Amino acid sequence: MGIGNGSASDAQGPSHKGIQDATTPLLPIKAEEEDAIHEFNGASFSGAVFNLSTTIVGAGIMALPASIKMLGLIPGILMIILVALLTEASIDMLVRCSHQGKITSYGWLMGDTFGQWGRIALQASVVINNVGVLIVYMIIIGDVLSGTSSTGVHHSGIFEGWFGPHMWNSRPIVLLATTILVFAPLVSFKRLDSLRYTSALSVALAVVFVVITAGVAIVRLIEGTVEMPKLFPEIDGINSVWKLFTAVPVLVTAYICHYNVHSIDNELEDKTQIKPIVQTSLGLCSSVYIATSFFAYLLFGEATLADVLANFDADLRIPFSSVFNDVVRVSYVVHIMLVFPIVFFALRLNLDGLLFPTSRHISRDNRRFTIITISLIAVIYLAAIFIPSIWDAFQFTGATAAVLIGFIFPAMIILRDPYDVSTKRDKILGVTMIVLAVVSNSVALYSDALNIFYRKQEA
């Protein structure tokens with residue numbers, strides 16, 4: 001299974017099943033490959049930073065400008081920083097407990113702390129969160145390359161704009177080609193560190209998106225063609241207050257990377273590097289988030305859409321506007337394609353552990369590995385074809401599975417303190433995280449449900 005079954009026996013006896021589960025490569029090792037595998041001397045610092053950063057920066061960045069529009073510039077940026085600090089604290093809780101207990105996976109840690117049901121809760125949360133995220137990734141790829149009419153207004157895709165509408169550039173064909181030619185090879189790597197070069201490229205492409213957005217916004221600012229963004233939210237009643245909380249799941253989802261921290265930590269030769277790796281990654285991603293949110297909101301103002309990438313199909317009112325639009329959309333679509341295997345890595349392991357908790361590791365069973373991989377990709381592909389937009393579902397996922405993985409479970413572990421590492425500060429922070437997570441996301445769920453109800457009444 002993927003992340004250990006959580007029993008005490010996992011760490012005892014000659015099999016050491018728990019440790020094996022977390023460190024065994026994803027694919028079976030052939031006899032002639034063993035020497036090469038044994039020569040692996042640990043992941044590099046930069047490779048680990050890029051892999052963790054790639055896990056963090058995904059589709060969530062596209063919704064952050066809309067969150068800034070909702071919260072106002074100053075509270076929005078402060079919230080991005082606050083969630084980053086809480087994320088660093090929650091990961092530190094997991095890492096300290098894991099190192100003290102010689103635990104090599106998040107699921108094993110949950111199982112060791114709360115028993116079998118703790119492990120199952122964690123695995124189910126990761127599966128729900130990652131399936132939702134990967135469906136969103138594929139929907140965005142389809143929207144950008146093939147176009148979309150989900151809002152009632154048709155937005156042309158890149159291929160449609162270049163070559164006109166044809167069967168070969170329709171959403172099903174484009175996504176099928178992407179799945180076969182891009183996703184299939186990338187999800188077959190044995191270790192996360194094998195994806196360090198594609199991860200570095202994906203981070204670079206995210207930076208390209210930020211640089212172009214910032215450049216266009218600055219040019220428009222100099223020309224005096226941008227409106228002054230609102231610094232604080234507009235409050236005109238209790239409903240507007242509830243609506244502010246719908247930004248919380250987006251911010252939470254934007255920083256979820258906890259399910260890959262142990263995989264990255266396991267590949268490090270020097271375990272003390274994981275703390276600076278996490279801090280460096282969060283610092284890099286927070287800078288990208290703040291810059292993207294600020295300049296995109298400055299550029300599009302109150303016209304900022306929930307998926308800001310959709311704003312780049314109109315005239316930017318600068319020279320070579322269409323060229324910049326295409327560069328922005330293509331660069332970020334490629335970024336999402338390269339993020340896909342990082343998220344899929346954790347999804348496959350956790351689903352296998354959830355379905356086959358007593359079976360041998362998935363890397364030792366070619367048939368199970370193939371069936372789970374093909375099944376997951378097929379479900380994600382079909383969902384992206386038949387679901388026009390899942391942003392409401394994405395918000396519900398962020399308010400449930402994501403907040404459990406990122407904040408509630410780590411806080412519960414540090415409060416239970418099975419390895420005597422918790423300080424008084426940790427206890428206070430743990431209680432605070434649980435209260436903030438439960439209250440804010442409960443309100444967000446309530447507000448989202450009301451919005452859906454009112455939209456159905458209007459329809």
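Why is helix 4 largely enclosed by the rest of the structure? The answer is in its residues: 10 of the 12 in helix 4 are buried, so the rest of the structure largely encloses this helix. The legends below start with the whole chain and then visit this helix and several other places. Please keep in mind that this is a predicted model.

**Figure 1. The whole protein chain is built with 18 helices and 0 strands.** The chain has 459 residues, and 56% of them count as buried. What share of the contacts between residues at least 6 apart in sequence joins residues at least 24 apart? That share is 82%. On the outside, the protein chain exposes about 19,400 Å², with 67% of this area supplied by carbon and sulfur atoms.

**Figure 2. Helix 4 covers residues 60–71.** From the first C-alpha to the last, this helix of 12 residues reaches 16 Å, close to the 16 Å expected at 1.5 Å a residue. Its buried residues are Gly60, Ile61, Met62, Ala63, Leu64, Pro65, Ala66, Ser67, Ile68 and Leu71. Just after the helix comes Gly72, which takes a positive phi of about 95°. As you look along any such helix, a handy rule is that an α-helix has 3.6 residues a turn, so residues three or four places apart point the same way.

**Figure 3. Tyr255 and Tyr289 form an aromatic pair.** A search of the whole structure finds 7 aromatic pairs. In the pair shown here, the rings of Tyr255 and Tyr289 meet edge-to-face, at 5.2 Å centre to centre and with 85° between the planes. Where do the two partners sit? Tyr255 is in the loop between helix 12 (247–254) and helix 13 (258–266), while Tyr289 belongs to helix 14 (residues 274–300). The pair links distant parts of the chain, with its partners 34 residues apart. Tyr255 has a relative accessible area of 1%, so it is buried. Tyr289 is at 0%, so it counts as buried too.

**Figure 4. Phe300 and Phe312 also form an edge-to-face pair.** Their rings are 5.1 Å apart centre to centre, with 90° between the planes. Phe300 lies in helix 14 and Phe312 in the loop between helix 14 and helix 15 (321–355), so this pair ties together parts that are 12 residues apart in sequence. Are Phe300 and Phe312 buried or exposed? Both are buried. Ring pairs also link Phe209, Phe300, Phe312 and Tyr332 into a cluster.

**Figure 5. The largest nonpolar core has 126 residues.** Which of its residues touch the most other members? They are Phe209, Tyr255, Tyr289, Tyr332 and Phe344. Leaving aside residues up to four places away in sequence, Phe344 touches Leu134, Val187, Thr373, Leu376, Ile377 and Ile380. Another core, of 5 residues, lies apart from the largest one, and its members include Leu195, Leu205, Leu338 and Ile342.

**Figure 6. Helix 15 bends by about 25° at Val339.** A proline, Pro341, follows within four residues of the bend. With 35 residues at 1.5 Å a residue, helix 15 should span 51 Å, and its end C-alpha atoms are 50 Å apart, which agrees. The helix is mostly covered, since 27 of its 35 residues are buried.

**Figure 7. Leu175 lies in helix 9 (residues 171–186).** Its relative accessibility is 0%, so Leu175 counts as buried. What does Leu175 touch, not counting residues up to four places away in sequence? The residues are Met138, Ile141, Gly142, Tyr381, Ala384 and Ile385. Leu175 and Gly142 are 33 residues apart along the chain, yet their C-alpha atoms are separated by 6.3 Å.

**Figure 8. Asp417 and Asp420 sit in the loop between helix 17 and helix 18.** This loop joins helix 17 (391–416) to helix 18 (424–458). Asp417 is not a glycine, but it has a positive phi of about 50°. Asp420 is not a glycine either, and its phi is positive at about 55°. Which of these residues is buried, and which is exposed? Asp417 has 13% relative accessibility and counts as buried, whereas Asp420, at 69%, counts as exposed.

Terms used
Residues are numbered from 1 along each chain as its sequence is written. This is a predicted model: local features need pLDDT of at least 70, side-chain atom pairs count only at pLDDT 80 or more; totals for chains, interfaces and linings use all residues. Side-chain values use heavy atoms; hydrogens and water are left out. Helices (H or I, at least four residues) and strands (E, at least two) are DSSP runs, numbered from the N terminus. Buried means under 20% relative accessible area, exposed over 50%, partly exposed in between (1.4 Å probe, protein chains only). Contact means heavy atoms within 4.5 Å. Accessible areas come from the Shrake-Rupley method with a 1.4 Å probe; for residues, only the protein chains shown count as cover. The expected span of a helix is 1.5 Å times one less than its number of residues. Rings of Phe, Tyr and Trp (its six-membered ring) pair if their centres lie within 6.5 Å; planes under 30 degrees apart count as stacked, over 60 as edge-to-face and the rest as tilted. A nonpolar core is a set of buried Ala, Val, Leu, Ile, Met, Phe, Trp, Tyr and Cys residues joined through side-chain atoms within 4.5 Å. The bend at a residue is the angle between axes fitted to the seven residues ending there and the seven starting there.
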